[in-house]
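Here is a friendly walk through a protein model, one neighbourhood at a time. Keep the viewer open as you read.

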Amino acid sequence: MLASKRILLIIGGGIAAYKSLDLIRRLRERGAEVTAVLTKAAEEFVTPLSVSALAGTKVYRDLFDLTDEAEMGHIQLSRSADLVVVAPATADLMGKMASGLANDLASTLLMATDTPVLLAPAMNVRMWEHAATQRNRATLAADGIAFVGPNDGDMACGEYGPGRMSEPLEIVAAVEAHFADGPLQGKRILVTSGPTHEPIDPVRYIANRSSGAQGTAVARALASLGAHVVFVTGPADVPPPDGVEVVAVQSAREMADAVQAALPVDAGVFAAAVADWRVASASDRKLKKSKDGLPVLEFAENPDILKTVSRMEQGRPGLVVGFAAETNDVIENATAKRLRKGCDWIVANDVSPATGIMGGAENAVILISDTGAEEWPRMSKSDVATQLAERIAAKLVG
Ligand code: CTP
């Protein structure tokens, strides 16, 4: 809940500004007080009247007149909040922030504030992928600015890809995580979860039996300790937890892209059961039976997401945790896997059918680190998650 939290919401000029109206409602439903600032361009998309009606307060507009200054100076306005949220954060606003420009009300407030800032970027996919935007994003992240999104998806301009503003409830989850009490407050943690689906043709795919239960429980436990969790999930059986930023993907390659987009993070937990192989050339038409014989599927290797992140030379998360699903010689195999992947910890479990772990509610894990193997007693997946989250907190914040 956000009872009496003061949010300064800066609405940038993009088509996603319409979602900010819903965001105001969602924040207020949870008890937050919202003061809104509209850039000049934002007024092309939403009206000051609708924003102020939803916020229940005066709207500050780019045309900052003397009456406003007399009521509340812009410095005071920038500091009177507990959190500044910029949604949508346009390429232009990000560029101004990254280069320290303050030539309108929104950018002046963002420079003058001593309050934490959360950005929800929204822009065309090419603009998001442009080297300048990616440079600005890295600069802002290094300056301590938090991000939620952007998501992949169909865009208003007709293109597809990353650049869509996060949904209002995802932004609310990021705001709640910011205020959550707990040792992981202020930490950004990536969790991958669920299976991946590798297409054969538009109607068929190759999958595995992962339910996503363990990864979901880990994400929930980390969020409840105050972390901002970016939850990159394949098509799982269980719904994603509340209070995390959800990035839904299908294939291993989409998961790899979503993981890259979520960086930098303080820690990464790779609980997904990623398919090792994909069909080398998935057909864009449904495969038909043919009298010439059976179809032959050729495979190509998928990117190893855990290994890629573990071996990053720059910007590697402070703690990288992998999972190992084994059916025999669990400790030996998982110990070798930790070294092969280059991660810090491996959570190993025996997924032989007799254990009932895959798809079940319980787990029996062995935590493997540079100090050796530690066997945990069999317990519920949610207890495994709670203990793992506590260990991660102890490692990140001492
Ligand atoms: N993993 C990953 N990307 C892949 C394959 C695996 O990120 N393409 C991660 C999983 O999320 C898990 C860890 O690597 O944290 C180990 O996964 P597992 O399937 O047990 O290992 P593999 O690398 O597939 O090794 P093997 O098949 O030899 O057991």
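Pro88 sits in strand S4, where strands are DSSP runs of E with at least two residues, helices are runs of H or I with at least four, and both are numbered from the N terminus. The bond that joins Ala87 to Pro88 is a cis peptide bond, with omega at about -5°. Another cis bond runs from Leu263 to Pro264, with omega near 0°. Pro264 belongs to the loop between helix H11 (252-262) and strand S14 (267-270).

A word on the ground rules: this is a predicted model, in which local features need pLDDT of at least 70 and side-chain atom pairs count only at pLDDT 80 or more, while totals for chains, interfaces and linings use all residues. Residues are numbered from 1 along each chain as its sequence is written, and side-chain values use heavy atoms, with hydrogens and water left out.

Some backbone angles also deserve a look. The table lists residues with a positive phi.

| Residue | Phi | Place |
|---|---|---|
| Ser4, not a glycine | about 55° | segment before S1 |
| Gly31 | about 95° | just after H1 |
| Asp329, not a glycine | about 40° | loop between strand S17 (319-326) and helix H13 (330-341) |

Asp329 counts as partly exposed because its relative accessibility is 48%; the class is set with a 1.4 Å probe on protein chains only, with buried under 20%, exposed over 50% and partly exposed in between.

Pro150 is a further proline to visit, in the loop between strand S6 (146-147) and strand S7 (151-154). Its relative accessibility is 14%, so Pro150 counts as buried. Which residues does Pro150 touch, leaving aside those up to four places away in sequence? They are Pro121, Trp128, Gly163 and Arg164, where contact means heavy atoms within 4.5 Å. Arg164 is 14 residues from Pro150 in sequence, yet their C-alpha atoms are 5.3 Å apart in space.

Helix H1 covers residues 17-29, 13 residues in total. From its first C-alpha to its last, H1 reaches 19 Å, close to the expected 18 Å; that expectation is 1.5 Å times one less than the number of residues. The buried residues of H1 are Ala17, Lys19, Ser20, Leu21, Leu23, Ile24 and Leu27. Their cover includes strands S1 (6-11), S2 (33-38) and S4 (83-89), along with helices H2 (48-55) and H9 (168-179).

Now to the domains. Domain 1 spans 1-179 and domain 2 spans 182-398, with bounds from an automatic or database domain assignment. Their C-alpha centres lie 32 Å apart, and 12 residues of domain 1 are in contact with 14 residues of domain 2. About 930 Å² is buried between domain 1 and domain 2, and carbon and sulfur atoms give 44% of that; buried area is the accessible area (1.4 Å probe) that two parts lose on being put together, summed over both. Arg137, Glu170 and Ala177 supply 39% of the area that domain 1 buries against domain 2, more than any other three residues.

How many salt bridges does the rule find across the interface of domain 1 and domain 2? The count is 0, a salt bridge being a side-chain nitrogen of Lys or Arg within 4 Å of a carboxyl oxygen of Asp or Glu. Helix H8 (131-142) and H9 each supply at least two residues of the side of domain 1 that touches domain 2. H9 gives the most to that side, with 6 residues.
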